[in-house]
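Student: Could we go through this one together? I'd like to start from a single residue and work outwards.

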Amino acid sequence: MENFAAIDFETANYERSSVCSVGVVIVRDGEIVDSFYSLIQPEPNYYCYRCSQVHGLCCDDTDDSPVFPDVWAQIEPMIEGLPLVAHNKAFDESCLRAVFRVYQMDYPDYEFYDTLRAARRKMPHLENHQLHTVAAACGYCLENHHHALADAEACAQIAIELL
């Protein structure tokens, strides 16, 4: 696969609709050509301690951020016609579906591919198949894990290598 958009969400709490940041990396002809990152005001708008521990974001970071429909209006033209790729697509796809549902937006049935599944199939020897482990095995150093754009970049590199 040479053309796709790698996507990663971070959530504020355990509700899948509570996306608080998104990273998107556009790949064309096997090369990264564009990227996008935004903080998002989550819905519901509260942070649980565990989620904040993972990604470092809290209400102070997103209180003045745009809501999801405004952010998606910027992303949508970038990803038009491209399949989406995520590491553990079950999470990111469910976040996208949930936030579309919360804002009563029509979900366009995006085609999703999963680098986690591909890594399990093509790299069974790895000690685990977490994003940073698979990225390292593909020669990519993930330095800011759980930052949505850094994770989307790692996912894109893995997809270029494995898909």
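**Starting from one tryptophan**

Tutor: Sure, and keep in mind that this is a predicted model. Setting aside neighbours within four places in sequence, Trp72 is in contact with Ile7, Phe9, Ile79, Leu96, Phe100, Met105 and Tyr110.

Student: Is Trp72 buried or exposed?

Tutor: Let's use the cut-off: buried means under 20% relative accessible area. Trp72 has a relative accessible area of 1%, so it counts as buried.

Student: Which element holds Trp72, and which element gives the largest share of the largest nonpolar core?

Tutor: The largest nonpolar core has 25 residues, and Trp72, Ile79 and Leu96 touch the most other members. The elements giving two or more residues to this core are β1 (4-11), β2 (19-28), α3 (68-79), β4 (84-86) and α4 (89-102). The largest share of this core is six residues, from α3. Trp72 lies in that helix too: α3.

Student: Which residues are included in the second core, and how many residues does that core have?

Tutor: It's separate from the one around Trp72. Met123, Leu131, Val134 and Ile158 are among its members, and the total is 13 residues.

Student: How far apart in space are Trp72 and Gln130?

Tutor: In sequence, Trp72 and Gln130 are 58 residues apart. In space, going C-alpha to C-alpha, the value is 27 Å.

Student: Zooming out, in what order do the elements of the protein run?

Tutor: There are seven helices and five strands to place. From the N terminus on, the order is β-β-β-α-α-α-β-α-β-α-α-α.

Student: What radius of gyration does the protein have, next to what a compact globule would have?

Tutor: The C-alpha trace spans about 40 × 35 × 25 Å along its principal axes. With 163 residues, a compact globule would have a radius of gyration near 15 Å. The protein agrees with that, at 15 Å.

Student: What share of the contacts with a separation of 6 or more comes from residues 24 or more positions apart?

Tutor: Here a contact means heavy atoms within 4.5 Å. Among the contacts with a separation of 6 or more, residues 24 or more positions apart account for 64%.

Student: And the surface: how much area does the protein expose, and what share do carbon and sulfur atoms supply?

Tutor: Buried residues make up 49% of the 163 residues. The exposed area is about 8100 Å², and the share from carbon and sulfur atoms is 44%.

Student: Last one: how far apart are the mean positions of the positive and negative charges?

Tutor: The protein has 10 positive and 26 negative charges. Their mean positions are separated by 12 Å.

Technical notes. Residues numbered from 1 in each chain as written. Predicted model: local features only at pLDDT ≥ 70, side-chain atom pairs only at ≥ 80, totals over all residues. Heavy atoms only, no water. Helix = DSSP H or I, 4+ residues; strand = E, 2+ residues; numbered from the N terminus. Rg over C-alpha atoms; globule rule 2.2 N^0.38 Å. Buried < 20%, exposed > 50% of the residue type's maximum accessible area, 1.4 Å probe, protein only. Areas by Shrake-Rupley, 256 points an atom, 1.4 Å probe, with all protein chains shown as cover. Lys, Arg positive; Asp, Glu negative; His and termini not counted. Charge placed at Lys NZ, Arg CZ, Asp CG, Glu CD. Core = buried A, V, L, I, M, F, W, Y, C linked by side-chain atoms within 4.5 Å.
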